[in-house]
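Here is a walk through one protein model and the ligands it holds. Have the structure open beside you as you read.

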Amino acid sequence: MLKTYEPPDIFRSAGSAVAASGSAPVLEELAAAAAAMPEGFLVLDPRKNVLICNKALARIFNLPVPPLGKSFAEAFGQKRSGDETPEKEALSPPVYSREFCSHILAGAPAVSAEISLSKGAEREDYLLLAVSHHLSGGVYTFCCMKKVSDLLSFHAAVRRGREELERTVLEHNRELMRVNAQLRLENAERSAVAQALRRAESRYRDIFDNATEGIFQWTPDWRIISANMSFARTLGYSTVNNLLHSASDPPFHFCMDQDVAQELVTALENTGSVVNFEFQAVRQDGAPVWASMNARRVAGPGGRTNYYEAFIENITVRKSTEEKLVYQAFHDPLTGLANRSLFHDRLRMALRRAGRQPGYRFAVLYLDLNRFKMVNDSFGHNAGDDVLCHTAVSILSCVREVDTVARFGGDEFAVLIEDTQKNSQAIRVAKRIIDALSCPFCIDDQEVTTGGSVGIVLRAERYEQPEDILRDADTAMYRAKAQRHIKFKVFSQKMREETMESISLESDLRQGVKNAEFFMEYQPIVHMDTGALHGYEALIRWKRKDTVMGPGQFIPVAEETGLIKPLGLYIIERVCRRIAAWTAEGGPAPFVMHVNISGRQLIYPTFPREVQRILERTAIDPRHLCFEITESVLLDNGGACIQGIQQIRELGIRFCLDDFGTGFSSLSYLRHLPLDSIKVDRSFVSDIETDAHSVAIVRNLVCLGQDLGLAVVVEGIERKTQVNVLSAAGCSLAQGYFFHRPMSAVKAEELLARNPGDISTLSPGAAEEYADPEDPML
Ligand code: C2E
Ligand code: MG
Ligand code: MG
């Protein structure tokens, strides 16, 4: 259609206002632009013929094709006949609109109207824009149509777009506000944090500056990089600056001992920290100060040590208190010597050393003062303390620096003699100590000599346990003490066996006391000149298993274990029953029965009462009884014993001092003792025929006894020659194998029966007492 239609020239003219391009035909360009438009577009030439009609406009009017070249009236004006044919109606008949036509054909320069088109049963509203434009050749009409609903939806879209935009802007604004608020908040927070940090920093600075602990940091090359006042003070600096100034010239080793400094750094490097690391720091003036440190290593990137930081506490006071406590824990407060614990430690170290060093030998001495108790009792405890201090000094003067002297409490001392090459070395030390202790010294203007007994363990390195060494040294010391003239004893294997034996003896003895395995023998005491029976000494025997044991073997054990108490009472009861039997109706002539009493028995305050009960039970005349005690009993337990003796004497029992001459009795001492007779020890008798001194002693002892009004018995007479000498020395009563050996009760009774008895020499006045005619026994 377009080819057959010849458009006016203006659409081909290059100078035309409508034509934009000179080369392409303007009409074609306009038609192409119209074809692309969604709105309906129509151009009418001055003759009102359709010049351009795009498909959109054709669709609006239900035209099958754009009516190009047709007259407007023909194309849009009114229904033509034949248009209403049912076939055409069915094919969407064209829409005719009077309104449209009238607006277009009005020729107004510009029309803008809303027109309504009927499309079948429906109506559609369109916006119509029509412009009449005068171009060369006439008035051209340009028309554009757009569905109002499209326009509305366009508007709605625009509105929605606008709303969306507004919403987006709003949200954006809101987000901006939120971000703003967030920023403000963050800012506030940041400044609060900064303020808190500043406050915290100042607090920490306060803590750092005023901490009682020293706080400091130092570099691996021993440069102090920061320190607080306490640390400066600990090291004797008046200000931190002074310290930093002094410490600025590295290395500043604050440790006294460089090995310890190295140890500290090694520990920090290996484990990263140290806790309670105690060391001696060096003060500005060079003095040491004890410090306890908690420190850690601070590593930089790559794990290399940046610096160390530490808390340090001055523990000098604590250390010195500790040292004092340790000293007290290991030393005797009175003498300043080592105590038992320290001595044990030293022994253990010596044993270890012996284990490591073949040929290393050492010895141990155990020492006990002989008369310490007497000094304490007589002079008081202060004097006793003086004796102990004097003893400590004396022992120390006899040993070398390397040796250890200890006090174990009471009057017991021990000495560890290190590195002894020969046994004689330790023995020499023991002798030196004994000599030193034998020298008298003054207490309260009185000369006192205590003397000591020493037990020695040689080759102590052969032992395994310190306790065993001390046990054996103690055993040896007791042996030395038990023997009057020997001041020291070396421990031997035999002693150990004897000790073991004494242990089994002790348990057998307990059993023996329970089972009454004891019996008595009786050794006659006679008149030296006539041999007539004066009385007996009852001597105990123990039938232990298949052997008979003498008292010397078990009485000391009974004394040590306290078994002497029941055993002693058993002996007295048994002897009393024997006396009762012998003195029963028609019994023999009067006699005196000596019974040995141990000092240990006398110290029991109940002893006199027990004796009294036995007397009551057996109903014997107490004058038949004479208790023998030894001098040592009186020396060891003076006061208590004398009181017991007096109470027993009040019961009518006599007392004889046995083994007289072997102890330390002085004339004045003897005078005050409640005694009736003395028995001169057999040691004076054994060599009396040959030793003029012994004769003189015996003669004097006899005179002494007589002068004090005491009967004197001489024991241990074995030979006729001794009898002769003793008779000449004035002795009257005798006991010994020469006259009679200890005998059984039966034999003693027979002997008694054959002898008329003589009590005249018992003690002055005794004869009269026995001569009491009222007494049926006599
Ligand atoms: P002691 O009281 O001095 O007794 C004398 C000891 O000398 C007895 O030894 C006796 O057998 C012994 N003896 C007597 N004449 C001679 C002699 O001529 N030559 C020699 N070499 N020895 C003679 P025994 O029976 O072994 O008693 C030893 C010690 O045991 C007694 O010494 C006494 O201290 C103690 N003892 C004996 N019986 C008892 C007792 O029943 N109780 C207590 N507590 N001790 C007793
Ligand atoms: Mg005796
Ligand atoms: Mg005797």
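Asn-276 sits in strand S8, which spans residues 273–282. In this predicted model, the phi angle of Asn-276 is near 50°, a positive value in a residue that is not glycine. Ala-516 also has a positive phi, near 50°, and is likewise a residue other than glycine. Ala-516 belongs to the loop between helix H16 (493–515) and strand S18 (518–527). With 38% relative accessibility, Ala-516 is classed as partly exposed.

**The chain as a whole**

Stepping back, the protein chain contains 26 helices and 26 strands. Of its 778 residues, 42% are buried. Among contacts with a separation of 6 or more, 58% join residues that are 24 or more positions apart. The chain exposes about 40,900 Å², and carbon and sulfur atoms supply 53% of that area.

**Two magnesium ions**

Now to the metals. Which residues hold the magnesium ion that is ligand 2? Its donors are Glu-537 (OE), Asn-596 (OD1), Glu-628 (OE) and Asp-658 (OD), at 1.9 to 2.3 Å. Along the chain, these donors follow the spacing E-x58-N-x31-E-x29-D. Glu-537 lies in strand S19 (residues 533–544) and Glu-628 in strand S22 (residues 625–630), so this pair ties together parts of the chain that are 91 residues apart in sequence. Both Glu-537 and Glu-628 are buried.

The magnesium ion that is ligand 3 is coordinated by Asp-658 (OD), Asp-659 (OD) and Glu-715, the last listed with two OE donors, at 2.1 to 2.5 Å. In sequence, the donor residues of ligand 3 are spaced D-D-x55-E. Here, too, distant parts of the chain are linked: Asp-659 is in strand S23 and Glu-715 is in strand S25 (residues 711–715), 56 residues apart. Are these two donors buried or exposed? Asp-659 is partly exposed, with a relative accessible area of 21%, while Glu-715 is buried, at 9%. The cut-off for buried is under 20% relative accessible area, so the 21% of Asp-659 puts that residue in the partly exposed class.

What connects the two ions? Asp-658 bridges them, and the magnesium ions (ligand 2 and ligand 3) lie 4.0 Å apart.

**The surroundings of ligand 1**

How many residues surround ligand 1? There are 21, and the closest are Glu-537, Arg-541, Asn-596, Asp-658 and Glu-718. Glu-537, Asn-596 and Asp-658 also appear among the donors of the magnesium ion (ligand 2).

Three polar side chains come up to oxygen atoms of ligand 1, as set out here.

| Side chain | Distance from an N or O atom to an oxygen atom of ligand 1 |
|---|---|
| Asn-596 | 2.8 Å |
| Arg-682 | 3.0 Å |
| Asp-659 | 3.3 Å |

On its own, ligand 1 has 790 Å² of accessible area, and the protein covers 83% of it. The elements that give two or more residues to the shell are S19, helix H17 (551–561) and strand S23 (654–660). The largest share, four residues, comes from S19. By class, the shell is made up of eight nonpolar, five polar and eight charged residues.

**Two buried residues to look at**

Val-685 lies in the loop between strand S24 (677–680) and helix H23 (692–707). Val-685 is buried, with a relative accessible area of 0%. What does Val-685 touch, leaving out residues up to four places away in sequence? The list is Val-714, Glu-715, Gly-716, Ile-717, Gln-722 and Leu-726. One of these, Glu-715, is a donor to the magnesium ion (ligand 3). Val-685 and Gln-722 are 37 residues apart in sequence, and their C-alpha atoms are 7.0 Å apart in space.

Thr-475 is part of helix H15 (residues 466–482). Thr-475 counts as buried, at 15% relative accessibility. Apart from neighbours within four places in sequence, Thr-475 is in contact with Phe-491 and Thr-499.

Technical notes: Residues are numbered from 1 along each chain as its sequence is written. Chains are lettered from A and ligands numbered from 1 in the order in which they are written. This is a predicted model: local features need pLDDT of at least 70, side-chain atom pairs count only at pLDDT 80 or more; totals for chains, interfaces and linings use all residues. Side-chain values use heavy atoms; hydrogens and water are left out. Donors are N, O and S atoms within 2.8 Å of the metal (3.2 Å for Na, K and Ca); water is not among the atoms, so sites may look incomplete. Buried means under 20% relative accessible area, exposed over 50%, partly exposed in between (1.4 Å probe, protein chains only). A residue is near a molecule or strand if one of its heavy atoms lies within 4 Å of it. A polar contact is a pair of N or O atoms within 3.5 Å; within protein, one must be able to donate a hydrogen and the other to accept it, and residues adjacent in sequence count only if both atoms are side-chain atoms. Accessible areas come from the Shrake-Rupley method with a 1.4 Å probe; for residues, only the protein chains shown count as cover. Ala, Val, Leu, Ile, Met, Phe, Trp, Tyr, Cys and Pro count as nonpolar, Asp, Glu, Lys and Arg as charged, and the others, Gly among them, as polar. Contact means heavy atoms within 4.5 Å.
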